[in-house]
Amino acid sequence: MSASFDRTDKEEGACPDKNMQLPDYQKDYDALIQQDSLDAGLSSRISFWRGITFVFAAIPAYTGFTSNQPVYLILSAVFFILFLTLVRFHNRLDERQRDTACRLAVTKDNLARFNDDWKQFPTDGSRYIRNDHPETEDLDIFGKSSLYQYLCTAGTIRGQDQLAKWLDQPLEQPEKIRLRQQAVAELAGMPAFTLDFESAARTLKDSGYETARQKLDDFFTSLGLAGQFPRSCHVLILLFPALTVSSGLLAAFGFWPQYTISGFLLLAFLQLSASFARFSTHHRLLAPVYRLNETIDPCRRLLALAEGQRFESPFLKDLQKTLTGKGSAHAALKELEKIKEQVVVRHNLLALVLFNCLFLYDFHCAEKYIRWQSRYRDELKVWLDTLGKIEALISLGVLSRTKNICTMPEIADRRESAGRPLLSFTDLRHPLLRESLAVGSTMTFSHNTCIITGSNMSGKTTFMRSIGVNLVLSYAGGCCAAKEFCASVMELRTSMRIRDDVSEGISTFYAELLRIRNMMEASRKQLPMIALIDEIYKGTNSADRIYAARETVRQLSLPYVLTVLTTHDSELCDLEQEEGVDAVNYHFSESYEHNQILFDYKIRKGRCQTANARYLLRMAGILE
């Protein structure tokens, strides 16, 4: 039915194998901690020797200049070269430590997904909750303790937005879903690449969504602030610094001092005046680049990883082609990073004054940035969107790295289903439950209406949410928490968490009626649909509830609608025998031992024959 896939690979892009073990994240975490400790010790030693070599370079230099002995100057040069070598090595070590810290954070998050610690992740997708789409709240797609919070590994705001879009989007053709599935499966078989990708984006994720969005919005706004840099200005910003530096050198070496010193001071003053006259314009243009100081480098690294990896799935190949179709996106961001480094320098007051006196520094920064804009402003958003899609694909494969029971679902064509909803699964679990505590369910829906009865806390609601959440994952292109999962493309409607609205004068019962009405209206499209209804009409008295529920089931009993509902009203089970209603009964049950209620959370055919209200009252101390 559906093919399980692997989580750990012997080679990149290998076909997944369900018999392989999950990655040993604890072992990886311990190794990273050890590496970080060794690097920290090495960094301290290098800092010490840097200081020593600088002193050893400074003392001979002073002695050489004062005594006019070249041997001391040569010795000073040797120690200075050694000092620069240690500085360069120390900078690389600092970069490695930052990378190790990001890898530690990613690995720690993966460990957290094996227990309830993932519920503390700050990125929970609450911003994507919409009042007009209650299914996302019913199924815990967004918000605290949600599917999004569990899955999201994206660091860029584009990646977070794209994952939310795929989890909460209009239905797509099976072909599009399968293209994403192939990409998710390929990335799931590339743990080294996905770890590198998540680690490179980690600092972006820690910066916060709203802050990152504001920085990007300001940056894209700045792309339209300036037009072309005039050629005449280009000549002048080369000519004036050349004259200024030349006159300064001539004055330093004593040539025509009565002219060169005055010329140098005059030219420096003119350059500084021109720079200050245009300071506000240049600042408005370059400030957004400065604010992206901590964003450009991670994006450049992500682009380098995406461009350098060899992909096989068509969807990933197309994304990669987008990054390399008009030159290299990575090279463009590397060029922007150099501009950013120059812009950072101008935020030092001494450097700002000195460099503008000598070189018209602000004009050069503005010219380089404007030229960069003219080449890449139209492509930049496309590149960032492409990175976001890759991040979202990696997030959709998280279950493959954290669940032993995991599969890539089969999406049935409409031709196979003849327009009827198809849904079957083996060992289906709720992906947000600890795997050691979750109980799998196996079922093939062969009727249009499934009526589920059972005692309180027996597992009815969790079963329905398991179906809904895994359908959302399937349609997004991700993997499911099941051994096998097959579904046709269906519109998903739910009625679970019903709340009243005092401000609108809407009771709980009427709020549920509105939900059911929306299902009825959706069914008139005569397109495949699945309706998940928990404790149908629980907000009214039993007589009205049973009557309303019967009529609802009758009206939803259509060949292209699959209705799954739970109820405590055993009278609804009689619909199984009613002509014109294609219904079947299922139930959850419990057993009793030593004044305790024991649940096995297994779904069985037929109606429920047990009730546990009096036992629960005794357990709560309400009854003796």
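This text walks through the model from its confidence to its cores, its sheet and two loop residues.

The model is predicted. Mean pLDDT for the protein chain is 87, and 91% of its residues reach 70 or more. Confidence varies along the chain. Helix H4 (residues 147-151) has the highest mean, at 96, while helix H19 (residues 414-417) has the lowest, at 62. Treat the start of the chain with care. Residues 1-20 have pLDDT below 50. Beyond near neighbours in sequence, that stretch still has 67 contacts in the model.

Turn next to the interior. In soluble globular proteins, nonpolar side chains tend to be buried together. The largest nonpolar core here has 110 residues. Those with the most contacts inside it include Leu167, Phe219, Tyr369, Trp372 and Phe445. Helix H17 (residues 361-396) gives this core its largest share, 16 residues. Phe219 shows how the packing is built. Leaving aside neighbours within four places in sequence, Phe219 is in contact with Pro288, Val289, Leu292, Leu336, Tyr369, Trp372 and Leu380. Another core, of 22 residues, lies apart from the largest one. Among its members are Ile451, Met529, Ala531 and Leu572.

Helix H6 (residues 174-188) is a regular piece to look at. Its 15 residues reach 21 Å from first C-alpha to last, close to the 21 Å expected at 1.5 Å a residue. The buried residues of H6 include Ile177, Val184 and Leu187, but also Arg180, Gln181 and Glu186.

Now the sheet. It is open, with 4 strands in the order E1-E5-E2-E3 and mixed pairing. Strand E1 (410-412) and strand E3 (441-444) stand at the edges with a single partner strand each, so one side of each has no neighbour in the sheet. From one strand to the next, the twist averages 20°. Strand E2 (residues 423-428) and E3 run antiparallel, joined by 3 bridges. Phe425 stands opposite Met443 in E3. Helix H20 (residues 460-476) lies across E1, E2, E3 and strand E5 (484-488), and runs at about 110° to E2.

Finish with two loop residues. Gln526 sits in the loop between helix H21 (508-523) and strand E7 (529-533). Its phi is near 60°, a positive value in a residue other than glycine. Tyr537 lies in the loop between E7 and helix H22 (542-556). The phi of Tyr537 is near 55°, also positive in a residue other than glycine. Is each side of this pair buried or exposed? Gln526 is exposed, with a relative accessible area of 55%. Tyr537 has 3% relative accessibility, so Tyr537 counts as buried.

Methods
Residues are numbered from 1 along each chain as its sequence is written. This is a predicted model: local features need pLDDT of at least 70, side-chain atom pairs count only at pLDDT 80 or more; totals for chains, interfaces and linings use all residues. Side-chain values use heavy atoms; hydrogens and water are left out. pLDDT is the predictor's confidence in each residue, from 0 to 100. Contact means heavy atoms within 4.5 Å. A nonpolar core is a set of buried Ala, Val, Leu, Ile, Met, Phe, Trp, Tyr and Cys residues joined through side-chain atoms within 4.5 Å. Buried means under 20% relative accessible area, exposed over 50%, partly exposed in between (1.4 Å probe, protein chains only). The expected span of a helix is 1.5 Å times one less than its number of residues. Two strands pair if DSSP finds at least two bridges between them. Axes are lines fitted to C-alpha atoms, for helices over the stretch in contact, and angles run from 0 to 180 degrees between N-to-C directions.
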